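Please open the model in a viewer and keep the selection tool at hand. The tour begins with one helix and then steps back to the whole chain.

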Amino acid sequence: MSETLFTPIKAGAIQMANRIAMAPLTRNRADDDTGCVNTLHVEYYRQRAGAGLIITEATQISPVGKGYIQTPGIHTEAQAAAWRTVTDAVHEAGGKIVVQLWHVGRISHTSLQPGGAAPVAPSAIAAGGKTFTKAGFEETSVPRALEADEIAATIADYREAARLAMVAGFDGVEVHAANGYLIDQFLKTGANTRTDDWGGPIENRAKFLFDVLDAVTDEIGGSRTGLRLSPFSPANGISDEDPQADFEYVVPKLNAYGLAYLHMVEGATGGPRALAEGESITALRALFDGLYMANNGYDRQMAQDAVTSGAADLVAFGRPFIANPDLVDRLQRGAPLNTGDQASYYGGGASGFTDYPTLEDEAA
Ligand code: 8OZ
């Protein structure tokens, strides 16, 4: 029997009812002061529990890891208790959910940082892009370079966040190493010009990623840890001199961790899937022994083909899950999809968050 999108699968320790993941989606509806999720999040994630796995919106591991208003955290007991209401609801509805562990690095603004300080990054190089703050869209602030002891403290923050994720009742975590945020900043030459153990050749630039994975998997186990990478994405002003070579170094080393899955943004995040000459996702995937989760611009046919051909084990859908809480059901029936209202993607209340109809709602 050939595998389909709707065949159950075990991702590490996580039993999934199907091969479809809800990709992490930033929605900016948490309490800006406490970083706590609320009853709206409970409803939003509960509605989407038909996914084989929900990956939460990116969630900061520390106050300095924050880069946008109203993103949730997983660094206090209160945040973990708030998340518990979400994980209980998803589990009750038969779903699985992991929290995406996030540190933005230089993609932040002084107004979002403790004491109004500069954001931190591998090197003091501005990203050149915008973030959303209390004042609206603002240019990201010039970061300062992390000291070696601060790097060690940041790795400890990832470990503590993984511990709190278990307190919160999550099935695991996804380490966010994509899209130009802190881990990606260490990995890539355009943001990392350090001359110590954390910069220079890829062996050094990848050390931060591997130290984070060591800490997180030591805390909760590799089978409860997923990883997201975006080797070729220019998201958030990131660039790299030779991503193919760098990730051909990184990916085989991931095999030692027994990860639940490797989640790849194929191409430019939320944009074109096309790669430059000499760049190959297929070649990178071939270097990984575990489950491969594909993402970026998949539709029903592409996802079916990817799973039946074996090109992917899992497919993550992002924007389609915003407007279709019952996306798995719709894909299974070949039903039409709702389109999302972009104006309510980031920030706001229930409107554009918990009020998209299921097929059943539409029939009523
Ligand atoms: C959109 C807006 C803000 C943040 C990412 C966490 O790209 C994000 C993000 C996306 O990974």
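Select residues 300–309, which form helix α9, and colour its buried members: Ala303, Gln304, Ala306 and Val307. The model is a predicted one.

Next, turn the view until it runs down the axis of α9. The buried residues lie within an arc of 165°, so they line one face of the helix. An α-helix has 3.6 residues a turn, so residues three or four places apart point the same way.

What do the buried residues of α9 pack against? Add residues 314–317 to the selection: this is β14, and the buried residues of the helix pack against this strand.

Now move to the two ends of the helix. At its start, show the side chain of aspartate 299, where a side-chain oxygen comes to within 3.2 Å of the backbone nitrogen of glutamine 301. Just after α9, select glycine 310, whose phi is positive, at about 85°.

Finally, select the entire protein chain and display it as a cartoon. Twelve helices and 14 strands can be traced along the chain. Its C-alpha atoms fill a box of roughly 60 × 45 × 35 Å along the principal axes. The radius of gyration is 19 Å, which agrees with the value near 21 Å for a compact globule of 364 residues.

Colour the chain by burial: 57% of the 364 residues are buried. Among contacts with a separation of 6 or more, 73% join residues 24 or more positions apart. With the surface switched on, about 13500 Å² is exposed, and carbon and sulfur atoms supply 51% of that area.

Technical notes. Residues are numbered from 1 along each chain as its sequence is written. This is a predicted model: local features need pLDDT of at least 70, side-chain atom pairs count only at pLDDT 80 or more; totals for chains, interfaces and linings use all residues. Side-chain values use heavy atoms; hydrogens and water are left out. Buried means under 20% relative accessible area, exposed over 50%, partly exposed in between (1.4 Å probe, protein chains only). Helices (H or I, at least four residues) and strands (E, at least two) are DSSP runs, numbered from the N terminus. The arc is that of the directions from the helix axis to the C-beta atoms. Contact means heavy atoms within 4.5 Å. A polar contact is a pair of N or O atoms within 3.5 Å; within protein, one must be able to donate a hydrogen and the other to accept it, and residues adjacent in sequence count only if both atoms are side-chain atoms. The radius of gyration is taken over C-alpha atoms; the globule rule is 2.2 Å times the number of residues to the power 0.38. Accessible areas come from the Shrake-Rupley method with a 1.4 Å probe; for residues, only the protein chains shown count as cover.
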